[in-house]
Amino acid sequence: MKPVLELLKHFYVQKIIVYCFSAIFSFLVIVPLGDLRIRFTDDHCSRCLLYSELDFNVTSTDEAVYFRIRFGEQEVCEYSLAVSSVFCLIYPIIVGLVYVYLYQRDNNETDENKLDLSHCLFLLHIIAELCIVILMLVSACVISAGFKHLCDSLLTGLKSCIAAQDFSDWRGYDGSNFYVSLSVATAGSWLLFVSWLLQGLLGLWKLWRLNMLPVLPCCGHSE
């Protein structure tokens, strides 16, 4: 068995490890956002807390808080759930298994620059993953901004955002853990972005090793 450090130098192994982290981090977004969608459901319609706004009634007291809530667009939560499920859970599992197969088959190869995929196919693969990096950045920004928007709305009538978890009545919904759930989802979305950014950098590095990146004029050989 090869030493661990020697094993980690292999490109396939590096990709597989990052895919595993992406799949794990995806649950930090899918589970809390999915749980909130269930808790904030009425008449078979799921509500989205991101970008929601609360209007507090002037009759609110420390013992009873009265408010009206305007939920954010459902598409906001659906987008984050979709990209996390498809590109951070399903895709890493499928492509990770492909890399496991390639690693096992080519385990005895000595040429570290050899890639058992056509160069054109590998280039398209890396371009697709760079697009996923952008999708994950958008998702992380959407979740962070939507959470901040909700908290800013809550702070118009409360001293802290987390205090809203203690509401005795969330207009018929269960908001007892919304702050923790959105905090976890926010952290998870940025971890997913970092993991996919690392995937993109690994791909660009491999393209450079394969001399498949265009050479900038400033980097060319001077005559």
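This briefing walks through the fold, the helix packing, the disulfides and a few individual residues of the structure above. The model is a predicted one, so please read every value here as computed from it. The protein chain holds five helices and four strands, and two disulfides turn up in a search of the whole structure.

**Overall architecture**

- Starting at the N terminus, the order of elements in the protein chain is α-α-β-β-β-β-α-α-α.
- The protein chain has 223 residues, and 39% of them are buried.
- Among contacts in the protein chain with a separation of 6 or more, 78% come from residues 24 or more positions apart.

**Helix α4 against helix α5**

- Helix α4 covers residues 119-154 and helix α5 covers residues 178-209. Their axes lie 8 Å apart, and the two helices pack at an angle of about 160 degrees.
- That angle makes α4 roughly antiparallel to α5, because angles over 145 degrees fall in that class.
- The crossing of α4 past α5 is left-handed.
- Sorted by class, the contact of α4 with α5 contains 26 nonpolar, seven polar and two charged residues.

**Helix α3 against helix α4**

- The axes of α3 and α4 come within 10 Å, with a crossing angle of roughly 150 degrees.
- Here too the helices have a named orientation: α3 is roughly antiparallel to α4.
- α3 passes α4 in a left-handed crossing.
- On the α3 side, the contact includes the aromatic residues Tyr-79, Phe-87, Tyr-91 and Tyr-99, along with Val-76, Ser-80 and Val-83. On the α4 side, the residues include Phe-122, His-125, Glu-129, Ile-132, Met-136, Ser-139, Val-142 and Ile-143.
- By class, the contact of α3 with α4 has 15 nonpolar, three polar and one charged residues.

**Ser-80, a residue of the α3 contact**

- Ser-80 sits in helix α3, which spans residues 74-105.
- Is Ser-80 buried or exposed? Its relative accessibility is 0%, so Ser-80 counts as buried.
- Not counting neighbours within four places in sequence, Ser-80 is in contact with Val-29, Leu-33, Ser-139, Val-142 and Ile-143. Of these partners, Ser-139, Val-142 and Ile-143 are listed on the α4 side of the contact between α3 and α4.

**Disulfides and other cysteines**

- As a reminder, a disulfide is a covalent bond between the sulfur atoms of two cysteines.
- Cys-48 and Cys-77 form one disulfide, with their sulfur atoms 1.9 Å apart. The torsion about its S-S bond is about 75 degrees, so this disulfide is right-handed.
- This pair links distant parts of the chain, with Cys-48 in strand β3 and Cys-77 in helix α3, 29 residues apart. Both Cys-48 and Cys-77 are buried.
- A disulfide also joins Cys-151 to Cys-161, with an S to S distance of 2.1 Å. The link of Cys-151 and Cys-161 is left-handed, with -70 degrees about the S-S bond.
- Cys-151 belongs to helix α4 and Cys-161 to the loop between α4 and α5, ten residues apart. Cys-151 is buried, as is Cys-161.
- With the bonded cysteines of the protein chain numbered in sequence order, the pairing reads 1-2, 3-4.
- Two further cysteines are worth a look in the viewer. Cys-20 is partly exposed, with a relative accessible area of 43%, and Cys-141 is partly exposed at 37%.

**Strand β3: Leu-50 and Tyr-51**

- Leu-50 is found in strand β3, and its relative accessible area of 0% makes Leu-50 buried.
- Which residues does Leu-50 touch, not counting those up to four places away in sequence? They are Gly-72, Val-76, Cys-77, Ile-143, Gly-146, Phe-147 and Leu-182. Val-76 is also one of the α3 residues in the contact with α4, and Cys-77 is the disulfide partner of Cys-48.
- Leu-50 and Leu-150 are 100 residues apart along the chain, and their C-alpha atoms are separated by 6.4 Å.
- Tyr-51 lies in strand β3, which covers residues 48-56. Tyr-51 is partly exposed, with a relative accessible area of 31%.
- The backbone of Tyr-51 deserves a check: its phi is near 65 degrees, a positive value in a residue other than glycine.

Conventions: Residues numbered from 1 in each chain as written. Predicted model: local features only at pLDDT ≥ 70, side-chain atom pairs only at ≥ 80, totals over all residues. Heavy atoms only, no water. Buried < 20%, exposed > 50% of the residue type's maximum accessible area, 1.4 Å probe, protein only. Contact = heavy atoms within 4.5 Å. Axes fitted to C-alpha atoms, helices over the stretch in contact; angles between N-to-C directions. Parallel < 35°, antiparallel > 145°, perpendicular 65-115°, else oblique. Left-handed = near helix turned anticlockwise from the far one by under 90°. Nonpolar A, V, L, I, M, F, W, Y, C, P; charged D, E, K, R; others polar. Disulfide = S-S within 2.5 Å.
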